[in-house]
Structures are given as structure tokens and as C-alpha cells.
Amino acid sequence: MQLFLQQLVNGVALGSIYALMALGYTMVYGTIKLINFAHADLFMMGAFVGYYLVTVLEMNLFLAMLIAMIFCAILGVVIERVAYKPLRNSTRVASLITAIGVSYFLQNTMIYFLGPEVRAFPSPLETSIYRIGNIVINSKQILVFAITVILMILLYIIVQRSKMGKAMRAVAVDSEASQLMGIDVNRVISFTFALGSGLAGIAGVLVGVYYNSISPGMGTALGLKAFVAAVVGGVGSIPGAMVGGYVIGILETIVTFMGGSMYKDAVVYGLLIVILLVLPSGLFGKNVKEKV
């Protein structure tokens with residue numbers, strides 16, 4: 001039981017990272033019905049910005065996180081304006097292919113300039129070990145969980161309490177009616193991309209701190225699992241993205257604990273298939289009827 005509880009702690013730390021990334025997927029989809037596959041590479045860009053600031057400029061970790069968040073937020077808005085906005089009235093397949101193209105562009109640009117090698121992310125904070133009975137919790141896990149919870153609370157306040165959050169929810173329901181009511185839809189969509197991309201940037205730095213390594217291809221596997229988390233929770237649902245992230249993180253660590261480290265990815269994607277068969281709209285998703 002103690003070993004099982006220990007794996008739950010590890011799963012919560014990993015699930016926090018998945019939840020942060022899944023929030024970006026679900027916010028963009030909820031607003032403009034686009035799966036932004038470039039989101040995973042914005043996460044990678046955030047990790048490298050944090051790496052540069054901490055190693056070269058010897059900057060404080062929390063300040064590096066803030067700058068990485070701002071950088072990725074601006075990059076996300078630029079990508080939306082350049083790559084997605086011209087295709088907003090096109091078919092979803094065109095937007096999807098563009099998103100995949102942007103993802104490969106970002107990844108291969110980083111490989112071209114920096115090489116494909118894995119880099120060791122420094123540990124700017126001293127790692128402390130805490131024991132609760134026989135359960136071991138380190139300061140990195142506490143840091144990841146604490147920052148995730150703070151960001152989720154701030155996101156909830158922005159979406160539910162702020163004027164821009166109300167506009168985001170209105171655009172998600174009906175963008176044309178929102179425009180008729182005086183809402184600047186383009187501004188709302190840009191804000192949504194900035195918010196989601198900023199969360200991805202912070203998640204990238206947290207992964208570097210937690211695993212002590214980063215690479216230009218790091219977004220591929222983590223991005224896919226975060227997307228699975230968003231689908232499991234219900235794409236378009238912010239609470240669903242958070243729950244889905246923790247479900248995937250805990251599931252992975254439990255499968256590894258049971259000796260199935262080689263099959264943990266298969267189990268995660270197997271869960272995706274089961275959810276799509278049983279609850280196509282996800283755990284927190286809503287069935288939306290469309291007129292044909």
C-alpha cells in the first residue's frame with residue numbers, strides 16, 4: 001500500500017504537467033474548434049527559453065518561467081495570426097494540416113539551429129526530501145504541483161470572473177452571435193492562444209526542472225499524451241482537461257509500478273480508445289447536436 005501511495009504522489013506530479021498542456025489544447029478547441037498540434041512544440045520552445053535564461057544568463061528560475069511564459073504567449077499569437085487566421089473559414093482538415101505543418105516547422109527549426117541532442121537542464125533549486133510516514137516527496141514534485149494549482153486557480157478566475165473570460169465563453173458558444181453583440185472575436189481568439197501558449201511555456205520549464213533534460217523532440221510524446229488527457233476529460237472542458245491530465249499521469253505511474261513500463265504508452269492510448277467508444281464526448285464533455 002505504501003508503494004502504491006508513493007506512485008500516486010509521482011503520478012500527481014506527472015499529471016500536473018499533462019494538465020497544464022491539456023488546458024492549452026482544450027481552450028483553443030473550445031474557442032475555434034481547432035486542435036492546435038503546434039501546442040506541443042510551443043511547450044518545447046518554452047523549455048529551451050528557460051534553459052537559456054537559467055544557464056547562460058544565470059537568471060532566477062521563477063523569473064525564467066515568467067519570461068518563457070510571455071515568450072510562448074507572444075509566439076502563440078503570432079502563429080495564430082500568420083498560420084490559422086487566414087484559414088478560419090476553411091475546412092477543418094485544412095486547419096488541421098496547417099497545425100501539423102507548424103509543429104514540424106518549429107521542431108525542425110530548433111533541430112537545425114541547436115541540433116537534436118538532449119541537453120541537461122540545470123537544477124537551480126536545491127532538491128529537498130520530505131517524508132510522510134514511508135512516503136517520500138521531493139521539493140521538485142511540490143514545486144510542479146504548487147505552480148500547477150496556482151495557475152489553474154488563476155485560469156479559473158480569468159475564465160469565470162473576468163470580462164475577457166465571459167467573452168471567451170460567448171465565442172465558444174457562438175462566434176457569429178458574439179460578433180453581433182459587439183465582441184471583438186479576433187481579439188478573444190488571440191487572447192485564448194496567448195493564454196494556452198503561456199501555460200505550455202511554463203510546463204516546458206517545469207519538465208526541464210523535473211526530469212533535468214530537454215530536447216527539440218520532447219514535445220512529441222508529451223504533447224500526444226496531453227492531447228489524450230484533453231480528450232479523456234472532454235475536449236473543450238477546462239475541468240475535464242485538469243482531471244484528464246491527472247488520470248493519465250497516475251495511470252502511467254501505476255502501470256510502471258506494476259512492471260509494465262514498456263506498455264505504459266499502450267495503456268494510455270488504450271484508455272483513449274475505451275473513452276471514445278463509451279463516452280465519445282469525454283468525462284466532462286457535452287453532447288452537442290448539430291443540424292444537418
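At the start of helix 5, a side-chain oxygen of asparagine 138 comes to within 3.0 Å of the backbone nitrogen of lysine 140. The model in which this contact appears is a predicted one, and the values that follow should be read with that in mind. Helix 5 itself covers residues 139-161, and because a rise of 1.5 Å a residue would have its 23 residues span 33 Å, the 32 Å between its end C-alpha atoms agrees with that expectation. The buried residues of helix 5 begin with Ser139, Lys140 and Gln141, and they go on through Leu143, Val144, Ile147, Thr148, Leu151, Met152, Leu155 and Val159. An α-helix has 3.6 residues a turn, so residues three or four places apart point the same way. With that in mind, the reader can follow one part of the list along the helix, including Leu143, Ile147, Leu151, Leu155 and Val159.

From this helix we turn to the nonpolar interior. In soluble globular proteins, nonpolar side chains tend to be buried together. Here the largest nonpolar core has 80 residues, and the members that touch the most others are Phe43, Ile79 and Tyr84. Helix 8 gives the most to this core, contributing 14 residues. The surroundings of phenylalanine 43 can be described residue by residue: once its neighbours within four places in sequence are left aside, phenylalanine 43 is in contact with Met21, with Ala200, Ala203, Gly204 and Val207, and with Met218, Gly219 and Leu222.

Helix 8 also carries a polar residue that deserves attention, namely serine 190, which counts as buried because its relative accessibility is 8%. The side chain of serine 190 makes a polar contact of 3.0 Å with that of arginine 81, and, not counting residues up to four places away in sequence, serine 190 touches Val77 and Glu80 as well as Arg81.

Two of these neighbours lead to the charged pairs. Side chains of opposite charge can pair when their charged atoms come close. The structure holds five salt bridges, and one of them joins the side chains of glutamate 80 and arginine 81, with 3.6 Å from N to O. Glutamate 80 takes part in another salt bridge, with arginine 88, where the closest N and O atoms are 2.4 Å apart. Which side of these pairs is buried, and which is partly exposed? Glutamate 80 counts as buried, because its relative accessibility is 1%, whereas arginine 81, with a relative accessible area of 41%, is partly exposed, and arginine 88, at 30% relative accessibility, likewise counts as partly exposed.

A further salt bridge brings together the side chains of lysine 225 and glutamate 252, at 3.0 Å from N to O. This pair links distant parts of the chain, for lysine 225 lies in helix 9 (residues 218-233) and glutamate 252 in helix 10 (residues 238-257), 27 residues apart. Both lysine 225 and glutamate 252 are buried, and the two belong to a network of salt bridges that also links Lys264 and Asp265.

Helix 9 is involved in ring pairing as well. The count of aromatic pairs comes to seven. In one of them, the rings of tyrosine 25 and phenylalanine 227 have their centres 5.7 Å apart and their planes at 65°, so the pair is edge-to-face. Tyrosine 25 belongs to helix 1 and phenylalanine 227 to helix 9, so that, at 202 residues apart, the pair links distant parts of the chain. Phenylalanine 227 also forms an aromatic pair with phenylalanine 37, and this one is tilted, with 5.6 Å from centre to centre and 55° between the planes. Phenylalanine 37 is found in the loop between helix 1 and helix 2, 190 residues apart from phenylalanine 227. Tyrosine 25 and phenylalanine 227 are both buried, while phenylalanine 37, with a relative accessible area of 23%, is partly exposed. Taken together, the ring pairs link Tyr25, Phe37 and Phe227 into a cluster.

The loop between helix 1 (2-32) and helix 2 (39-55) also contains lysine 33, and here the backbone calls for comment. Most residues other than glycine have a negative phi, and most peptide bonds are trans. Phi of lysine 33, however, is positive, near 55°, and its side is partly exposed, at 35% relative accessibility. Asparagine 212, in the loop between helix 8 (185-211) and strand 4 (213-214), likewise has a positive phi, of about 60°, although it is not a glycine; at 29% relative accessibility, asparagine 212 counts as partly exposed.

Methods:
Residues numbered from 1 in each chain as written. Predicted model: local features only at pLDDT ≥ 70, side-chain atom pairs only at ≥ 80, totals over all residues. Heavy atoms only, no water. Helix = DSSP H or I, 4+ residues; strand = E, 2+ residues; numbered from the N terminus. Expected span 1.5 Å × (residues − 1). Buried < 20%, exposed > 50% of the residue type's maximum accessible area, 1.4 Å probe, protein only. Polar contact = N/O pair within 3.5 Å; in protein donor to acceptor, adjacent residues only side chain to side chain. Contact = heavy atoms within 4.5 Å. Salt bridge = Lys/Arg side-chain N within 4 Å of Asp/Glu carboxyl O. Core = buried A, V, L, I, M, F, W, Y, C linked by side-chain atoms within 4.5 Å. Phe/Tyr/Trp six-rings, centres within 6.5 Å; stacked < 30°, edge-to-face > 60°.
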